[in-house]
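Please read this briefing with the sequence and the model open side by side. The points are grouped by topic.

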Amino acid sequence: MPTSLLRRPVYTTLMALLLHVVISAPAVADSGSRDGTGSGGRDGIGIKLLEVPANRMDDPRSRVFIVDHVNPGTTFTRSLEVYSTSREPQHVELYAAAAGIRGGRFTFAPDRTSNELSEWVRLNRSSVDLPANGRTRVKATVAVPQWASKGERYAVVWAQVSSDKPGAKGNVKLVHRVGIRSYLDVGLGGEPPSDFEIGEVVPGRTEDGQLKIVVDVSNTGERALDFGGELSLSDGPSFLRAGPFPVNRDTTLAPGDQGNVVALMGDDLPAGPWRFHLTLRSGRISHTATGTLTFPEKPGTSGLPGSLDSPWTLALAGAGLVALIAGAVLLVAFRRFRARRPSPTRGSA
């Protein structure tokens, strides 16, 4: 890992996690999306990265998550910003806790559960007191021990506010926390490759009638992937075009895992048939699939898998187009040749 870091604000905020209500219990099981606002509304808190490694400026994931590959015995830092959108002062606790990947989702361990990676993270402040709409910097130092084994590990750096409120059945503890994910791969040599494959593209409708596609994806690389992308439709009834429509951004696959991503398209489009153009990406890796599909008419159902264009199909289509153009050129040349030939002279009677 390069020691030089490009210090610049990363204005994307992370993971607006749900407000959790726990009655007479300190542990909180968090869930949520990585693509929220990073705060719990206008009276919440947020946390964001302030620097990106120089060798990862072209990796969108490194702008919002701590993503890196290091050798055993490496120590590195990241600067973070914790901020408040509240009109009241906020006491914010700061800590690292365990995380994992299960069922195609990045999962958060309850409360302050630790793992190897979270124990390697040290914050220069365990808590901060923010004034109304205040903000402050925090430094996270990650010290990987020399004995660390090869593999990728996951954790979250959390900012948390808590309050106790009286209730009819005892005290109610309100806990709100937001965090920055960490994906750290450890091993000698260069970074392991990342890649994925796109499988079936299945059209369907939700229970309330919205069009959707469900895309099978497989992580064929050696690092975890977070998926984003978009879908465009063309050549529909009356030559309609639609999109691009974003795919959901809550699918995370560990190496070797399979899962799916979903794109929603509303309920005001005809069933088809359509040609589709799907692009999926994770960090620096991007793949595209094209083909045809038709959506089912009934809500809550799925249609037949879309027909994907294979490389042979595209090659044959390209060859056919070349042959068609060549034929047209030969036909025009032949007609010009005939027009220029002198006509035979008739003899006199």
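Strand S17 (residues 228–234) and S18 are joined by three bridges and run antiparallel. Within this pairing, Leu231 has Phe245 in S18 as its bridge partner. The model is a predicted one.

**The open sheet around S17 and S18**

- S17 and S18 belong to an open sheet of five strands, in the order S18-S17-S21-S22-S23, with antiparallel pairing.
- Strand S18 (242–246) and strand S23 (307–308) are at the edges with a single partner strand each, so one side of each has no neighbour in the sheet.

**The chain as a whole**

- The secondary structure consists of two helices and 23 strands.
- The chain has 349 residues, and 44% of them count as buried.
- Taking contacts between residues at least 6 apart in sequence, 72% join residues at least 24 apart.
- About 18,300 Å² of the chain is exposed, and 55% of this area comes from carbon and sulfur atoms.

**Strands S14, S15 and S20**

- Strand S14 (residues 196–205) runs antiparallel to strand S15 (residues 211–219), and eight bridges join the two.
- Val201 has Val215 in S15 as its bridge partner, while Pro203 stands opposite Ile213 in S15.
- S14 and S15 form a hairpin with five residues between the strands, where Gly209 has a positive phi near 95 degrees.
- S15 also pairs with strand S20 (residues 258–264), in the antiparallel sense and over seven bridges.
- Val215 has a bridge partner in S20 as well, namely Val261.
- Val215 is therefore matched with Val201 on the S14 side and with Val261 on the S20 side.**Salt bridges**

- How many salt bridges does the structure hold? The count is 16.
- One of them is between the side chains of Lys48 and Glu81, with a distance of 3.4 Å from N to O.
- This pair links distant parts of the chain, since Lys48 is in strand S3 (residues 45–49) and Glu81 is in strand S6 (residues 75–84), 33 residues apart.
- Are Lys48 and Glu81 buried or exposed? Lys48 counts as buried at 9% relative accessibility, and Glu81 is buried with a relative accessible area of 11%.
- Asp68 and Arg78 form another salt bridge, in which the closest N and O atoms are 2.9 Å apart.
- Asp68 lies in strand S5 (residues 66–70) and Arg78 in strand S6, so this salt bridge ties together parts that are 10 residues apart in sequence.
- Asp68 is buried, at a relative accessible area of 1%, and Arg78 is buried at 2%.
- Arg223 forms a salt bridge with Glu152, and their closest N and O atoms are 2.8 Å apart.
- Arg223 is in the loop between S15 and strand S16 (225–226), and Glu152 is in strand S12 (residues 151–167), so the pair ties together parts that are 71 residues apart in sequence.
- Arg223 and Glu152 are both buried.
- A network of salt bridges links Arg56, Asp59, Asp68, Arg78, Glu152, Glu191 and Arg223.

**Aromatic rings**

- The structure has seven aromatic pairs.
- One of these pairs is Phe108 with Trp158, which is edge-to-face, with 5.4 Å from centre to centre and 70 degrees between the planes.
- Phe108 is in strand S8 (residues 105–108) and Trp158 is in strand S12, so the pair links distant parts of the chain, 50 residues apart.
- Both rings belong to buried residues: Phe108 is buried, and Trp158 is too.
- Phe108 and Trp158 are also part of one aromatic cluster, together with Phe65, Phe106, Tyr154 and Tyr183.

**Charges over rings**

- Lys48, the partner of Glu81 in a salt bridge, also has its charged end over the ring of Tyr83, 5.7 Å from the ring centre.
- Arg112 lies over the face of Tyr95, and the distance to the ring centre is 4.1 Å.

How values were computed: Residues are numbered from 1 along each chain as its sequence is written. This is a predicted model: local features need pLDDT of at least 70, side-chain atom pairs count only at pLDDT 80 or more; totals for chains, interfaces and linings use all residues. Side-chain values use heavy atoms; hydrogens and water are left out. Two strands pair if DSSP finds at least two bridges between them. Helices (H or I, at least four residues) and strands (E, at least two) are DSSP runs, numbered from the N terminus. A salt bridge is a side-chain nitrogen of Lys or Arg within 4 Å of a carboxyl oxygen of Asp or Glu. Buried means under 20% relative accessible area, exposed over 50%, partly exposed in between (1.4 Å probe, protein chains only). Contact means heavy atoms within 4.5 Å. Accessible areas come from the Shrake-Rupley method with a 1.4 Å probe; for residues, only the protein chains shown count as cover. Rings of Phe, Tyr and Trp (its six-membered ring) pair if their centres lie within 6.5 Å; planes under 30 degrees apart count as stacked, over 60 as edge-to-face and the rest as tilted. A charge sits over a ring if NZ of Lys or CZ of Arg is within 6 Å of the ring centre and within 35 degrees of the ring normal.
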